[in-house]
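Biologist: Please take a close look at one part of this model for me. I would like the sheet in chain B, and whatever packs on it.

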Amino acid sequence: MEVLARPTHFEERSGPEIWVDEAIWGHRLHDEQSPWLTFLEFLNVLLAEKVAGRALQETSLNSLSYRPQTQLRLRNLVFNNPHITTVLAEDRSDELAWTSWLEKMADTAGGLESPDFAYLRDRFETFRDFAAVIRFLQGSAIEGDSNKRWSSKFVFPFGPNGLYEDVNVKVNGGVTTDRRFFARTGEILYLMLCRSQRVEELRERLVGQFLQNPAPYDGMVRALQGEAQLAKADRGGAFLPCSSHPAFDRLAEDWLAILSLPIPAYDAIPHLVAVTGLNLILYQLDRAGEVLGSERASLVCEIVSPKKSVVRDLSADSYQSNNALPQQAMERFIRATTETSQWQTAITSDDAAIEVAELLKRAFDWPDPDDDDERSIPPEELIDRLVNKAAVRHKQHVGKVHMTWARAIGLSSRRSSRRVRYAPTDRLLKTLVVTCVAKRMEFKDFLATLAGRYGLIIGDHQARSFIDSGNADQEDFSDNARRLEERLASLGLLKRLSDSCAYVENPFQRGEAA
Amino acid sequence: MYDESIQRALKRHRIKPIVLPAQFMQALLENFSGADPVTQIITGTAGDGKTYHCREVWSALGGDEATWNKGTKVQTLAVGQRTLVIVKDLSELRDEESAELIAGVARDVTQPSSNTVYLLAANHGQLLEKLKAAPDTPEVRRLSDVVEDLLVTGGTDDREVRLNLSDLSRAPAAKMTSYIIDEIGGHEGWAGCDGCPAARDQACPILENRRRLTGADGHGKFRQRLASLVELSERNGGHFPVRQLLSLVANVILGHPDGRDGLMSCGDVPDIVASGRADLASVYRNVFGENLKPSRAEKTEPFKKLNLFGIGAETSNRVDNLLVYGADDPAYSEPYDALVRKDPFYGATANYTQGQKAYLEGGEGVDRSAFLHLLKAQRQRLFFTLPDDLVAAYELWDLTVFRFAGVYLEVAEKLGAKQPLPRAALSMIVRGLNRVFTGMLVQNQDELVLATSGSYSQSKRSPLLDELISVPRQGGEEVSLVLNPQGGFDVAVRLTRGEIHPAVRLELSPTRFEFLGRVAEGALPSSFSLECHEDILAFKARLLRETETRRKLDGDDVGEDGQLVLRFIELTNDGRATPRRVMVRA
């Protein structure tokens, strides 16, 4: 694995102010971008790059630049259209309903140069039909009941016509990309998959299943949108620091496992979203571990039990220590500079303060060369100041990824406890089964797979280190595994043969015997 | 291991052994003494009677009992021209021994000319482990694939492997319960109680429990309800091996918290009776392991499974009113006499009447929780004693978490007897399915409303109509409840005439039945665990695939160019789902 330097052609005006988190994890992991939105951003990149003839191909590392769709007509109709209810309530003739609605819409539609929706009258028999279709799209929207601004709401990705980027539409009608919810995590995801070993297979499946054979409802979305609208400029600046990483391959393998299931593409999406969330969390922990030179992080999972247990405490501890890893890594990453020969040269030079400032500037994009105050601070203090500054920034978003995403995908929970811990939900368990079990697998092997692949510690065999160190009894963890067995059985994912033997089964590969 | 020590114990104590029907014996004997025997594997949970089967086959085919009792791990017997190899417990073999054996089995089962057949017994996990531990040759792999298929799915595609697998854990345990009660309750050893002073005074809880268990003196309900519980549990996948049933029955008779290990012996009885704690020996408590410490009962199999019914914790207002106020409330006096006072042994005991009085009158220092424990025992008793004519009035099954279990059992019984089903059952199932399928409170119960969300199948609301499928037979469509080969029943949806496209079926376990019943009554699907909800959605996905195939066959899938027709579900004022067509020109 090669760790890449910051690209020199990087020239976004509003780019990162310091280059620490980005250097470790990429530009960037962002807590406010939920796994679902990450997946959508990914599809946008994929579509744009496929149109440009280079789906999942990086011409050179970190050179991604793509032009996404905006589809503002569609979004106005579905998410910025409070008039339908009003017009229906007036209960006028169809003709009048259309006229009244078109007038209202012309006033309030945002981000369009000429908001004229008259074309819709040809495409629908009646206004009520139109209203029903809009209601349907609102009902199936992604995270549809969120209270985000209308320009950050998304229709279900039935096909290419329903894909568009997150934007900010100003009151004066201007459209800007503020990267509020499409904060490049989808670009990171895209780059990871580009750099995975099985990218060829992935390309075929992804393009085939999501872009070339859309669900019939994509036609409906197209009827509303008409011709596609594209962003005015290309979106560049994505950065992922590793040229390859075991985490990328694991991610790609998980995706392939899900995409090869005999289920429709849209049914695969929730599973893809969940494994993506899990893999990105693990990527963050893996990289943190690499920077710190520590062992791979393990995630002790409690299978929720009615009573407080030792595993619950260990699981909360494990959550807490993992949650602190990224910030420790960030600090270590900065302080490692002081162990380099360049640092030694710089601090022993005559103009130590300035040399050190230059050195830090090259590595972390800080301090500002024009800021004379910062350039006259003693080296050790300057480093401290950088660490503090980076920590403040880290805590805003990158440092929250583990917490936010673990909750979003159902990996962590506070159920019947005050401390957050790893306690996977039924849905996540199902995703794990669907991903890891090709057809069927012995329960013991399943536990070993989860530990080997993701570091999820559930059973007593995997928890050896905790048992040997006296922090838990074997029984605590074997009870935990037994609870998982029961949960999986009740989810229809496990078949128990007798006391000592059970099979985890992939529900989609079982044939008709449900 | 058990079988061997039991044989020794029998000899030592000179007790007549309990003889139970062995369900596969006939088939095994016919196979091995027939013209074309195949290798047999007997598997099952610990305590299902695997060793018992092997020993019986051995003796029936002329094997010498003394040779068997030497306990050799691998026994051979000449049957006609062939050699029968019996391994009563595969797990006893060391890995290298079993490797050799399995290699032999793998070779012989694929050769019709082979003169060696086997009878192997092992529980599931051991069987698979031994197969895994054997050297990895193509033959062994083929054998283990077939065994795995037989174990998990009950069938295999590889018909050339001459092997049959009998799974004792699929035996009907409800019937077995009855045999065991008869055998234990009617054992000649009870004659020893004649002349015991406790028996004369009618005060011995052991004898009282035996009477209640065997159904003497009008106590027949206990066996019947216990059998129902066992059957429901089996239908839900909670199997009762013979050994567990034996220990359950023994515990029912002998359980008392004051005895050693929670079991009383004849010597304990005078003290228990004298201390006025005989009511704690109640069969209705013992059946749930309440004579044991809670931590122990939680980990002991038969009680674990029976306690899932929540009997004692679940109740209805009517039942609790009767039990709490019945003694004083004139409106309840008649049923209270019949249901509580009539049973001085475990019903209106001195403890209970005093506790009840103290609870109602309150006052300082009254331990209310003590009465709640007594109340729990009474609910349990009522569940096992309520006469049939009061089942409806007191909603017997409200005393369990499976409120629809009564209907479930009735449907199963009527289907088995080919009698007309209770009318409400199918309507209830259809209404429940419709509500899960659409995510709306629809009232349709004479047609199946097959809906899709348009997006991913797991989404909660499905506003688009796929098809309406008629419940009464019409144009090839039909929705019905039918028996399945496993002994339970399925809901079957038939979409076309003829046999080419078999009906799409969903097994209705008591849990699923309960889920659909409650949803049909108005509960929200999401208020249950995901389990059932997901099952029903998976069933819907299968139905959707079938309707799509049907449309293709009928040529209904081709629309006009550039047109997309959607059918939205609209609810009428009385809550029926009706389709509404919307056309979109692209």
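Modeller: Two strands pair if DSSP finds at least two bridges between them. Helices (H or I, at least four residues) and strands (E, at least two) are DSSP runs, numbered from the N terminus. This is a predicted model: local features need pLDDT of at least 70, side-chain atom pairs count only at pLDDT 80 or more, and totals for chains, interfaces and linings use all residues. Residues are numbered from 1 along each chain as its sequence is written, while chains are lettered from A and ligands numbered from 1 in the order in which they are written.

Now the sheet. It is open, with three strands in the order E9-E10-E11 of chain B, and the pairing is antiparallel. Strand E9 (478-483) and strand E11 (504-507) of chain B form the edges; each pairs on one side only. On average, neighbouring strands are turned by 25 degrees against each other, direction ignored. Such axes are lines fitted to C-alpha atoms, for helices over the stretch in contact, and angles run from 0 to 180 degrees between N-to-C directions.

Look next at one pair. E9(B) joins strand E10 (residues 489-494) of chain B through six bridges, in the antiparallel sense. There, B:Glu478 stands opposite B:Arg494 in E10(B).

A helix completes the picture. Helix H22 (residues 405-416) of chain B lies across E9 and E10 of chain B. H22(B) runs at about 85 degrees to E9(B). Contact between two residues requires C-beta atoms, placed from the backbone, within 7 Å.
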